Amino acid sequence: MRCPYCGNFDDKVIESRTMANGESIRRRRECISCNRRFTSYERIEEKPFMVIKRDGRRQPFDVEKITKGIRRALEKRPVSTGLVDQLVNEIEDEAYTMGKTAREISTEELGELVLKKLYSVDKVSYIRFASVYRQFSNLEEFIKEVNSINSGEAAPE
């Protein structure tokens, strides 16, 4: 590590201490050249979890976007705030599990996760979310989705 005082690259570690619940290490160092001491911090660099959009762009995963979508779908429905939080946590956990190795998930997979959870909680909210997510362009698509719920065909896997 380069000394911040003289620029020399030779130093020795005098003391190491684990900080912030084991998420970083603080090291006290002494420059071999000028004998001045300085502190460095070492942290794990985590690759962010990404969402692959329909057009191929990648964005960092934002649980707030999911929360807003679910809250909008459940607006004026008899569903508690606690259940909304539970749904969001389950979706987030499943998304991280599905995209564990590549550290990314597609919006299609994420949308289907949300639909699956909403279907099990409230069918009206499911239809609301599906109409936006699946981009219904006319009344026939909407009616077809409602009829598939009535016949039991719409249940996501």
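## Aromatic pairs

Y96 has a relative accessible area of 32% and is therefore partly exposed. The reasoning is brief: a residue counts as buried under 20% and as exposed over 50%, so a value in between is described as partly exposed. This residue belongs to a predicted model, and the features described below should be read accordingly.

A search through the whole structure identifies four aromatic pairs. In one of them, the ring centres of F49 and Y96 are 4.4 Å apart and the ring planes meet at 45°, so this pair is tilted. The angle decides the name, because planes under 30 degrees apart would count as stacked and planes over 60 degrees apart as edge-to-face. F49 is found in the loop between β3 (37-43) and β4 (50-52), while Y96 is found in helix α2 (residues 81-98), so the pair ties together parts that are 47 residues apart in sequence. F49, at a relative accessible area of 5%, is buried. Together with F61, the residues F49 and Y96 make up one aromatic cluster.

## A second ring pair and charges over rings

Another aromatic pair is formed by Y119 and Y126, with 5.1 Å from centre to centre and 80° between the planes; this arrangement is edge-to-face. Which relative accessible areas do Y119 and Y126 have? For Y119 the value is 14%, so Y119 is buried. For Y126 the value is 0%, so Y126 is buried as well.

The ring of Y119 has a further partner: the charged end of K123 sits over it, 4.3 Å from the ring centre. A similar arrangement involves Y5, whose ring lies under the charged end of R36, with 3.9 Å to the ring centre.

## The nonpolar core

In soluble globular proteins, nonpolar side chains tend to be buried together. In this model, the largest nonpolar core contains 27 residues, and I70, L110 and L118 have the most contacts inside it. Four helices, namely α1 (63-73), α2, α3 (107-121) and α4 (123-133), each contribute at least two residues to this core. Which helix gives the largest share? That helix is α3, with six residues of the core.

## A nonpolar patch on the surface

Nonpolar side chains also appear on the surface, where L139, F142 and I143 form a patch with about 270 Å² of accessible area together. L139 belongs to helix α5 (residues 139-150). Is L139 buried or exposed? Its relative accessibility is 55%, and L139 therefore counts as exposed.

## Salt bridges between strands

Side chains of opposite charge can pair when their charged atoms come close. The model contains twelve salt bridges. One of them joins the side chains of E42 and R27, with 3.0 Å from N to O. Since E42 lies in strand β3 and R27 in strand β2 (residues 24-31), the pair ties together parts that are 15 residues apart in sequence. E42 has a relative accessibility of 39% and so counts as partly exposed, whereas R27 has a value of 19% and so counts as buried.

A salt bridge also joins E104 and R58, whose closest N and O atoms are 3.0 Å apart. Strand β6 (residues 104-106) holds E104 and strand β5 (residues 58-60) holds R58, so this pair ties together parts that are 46 residues apart in sequence. E104 is partly exposed, at a relative accessible area of 24%. R58 also counts as partly exposed, at 46% relative accessibility.

## Salt bridges between helices and a network

D85 and R71 form a salt bridge in which the closest N and O atoms are 3.4 Å apart. This pair links distant parts of the chain, with D85 in helix α2 and R71 in helix α1, 14 residues apart. D85 counts as partly exposed at 36% relative accessibility, and R71 is partly exposed with a relative accessible area of 40%.

Which residues are linked in a network of salt bridges? They are E90, E94, K116 and K117.

## The segment before β1

R2 is located in the segment that precedes β1 (11-19). With a relative accessible area of 48%, R2 is partly exposed. Computed along the sequence, R2 and E15 are 13 residues apart, and in space their C-alpha atoms are 17 Å apart.

Notes. Residues numbered from 1 in each chain as written. Predicted model: local features only at pLDDT ≥ 70, side-chain atom pairs only at ≥ 80, totals over all residues. Heavy atoms only, no water. Phe/Tyr/Trp six-rings, centres within 6.5 Å; stacked < 30°, edge-to-face > 60°. Buried < 20%, exposed > 50% of the residue type's maximum accessible area, 1.4 Å probe, protein only. Lys NZ or Arg CZ within 6 Å of the ring centre and 35° of its normal. Patch = residues over 30% accessible without salt bridge, like charges linked within 9 Å, V, L, I, M, F, W, Y side chains within 5 Å. Areas by Shrake-Rupley, 256 points an atom, 1.4 Å probe, with all protein chains shown as cover. Salt bridge = Lys/Arg side-chain N within 4 Å of Asp/Glu carboxyl O. Core = buried A, V, L, I, M, F, W, Y, C linked by side-chain atoms within 4.5 Å.
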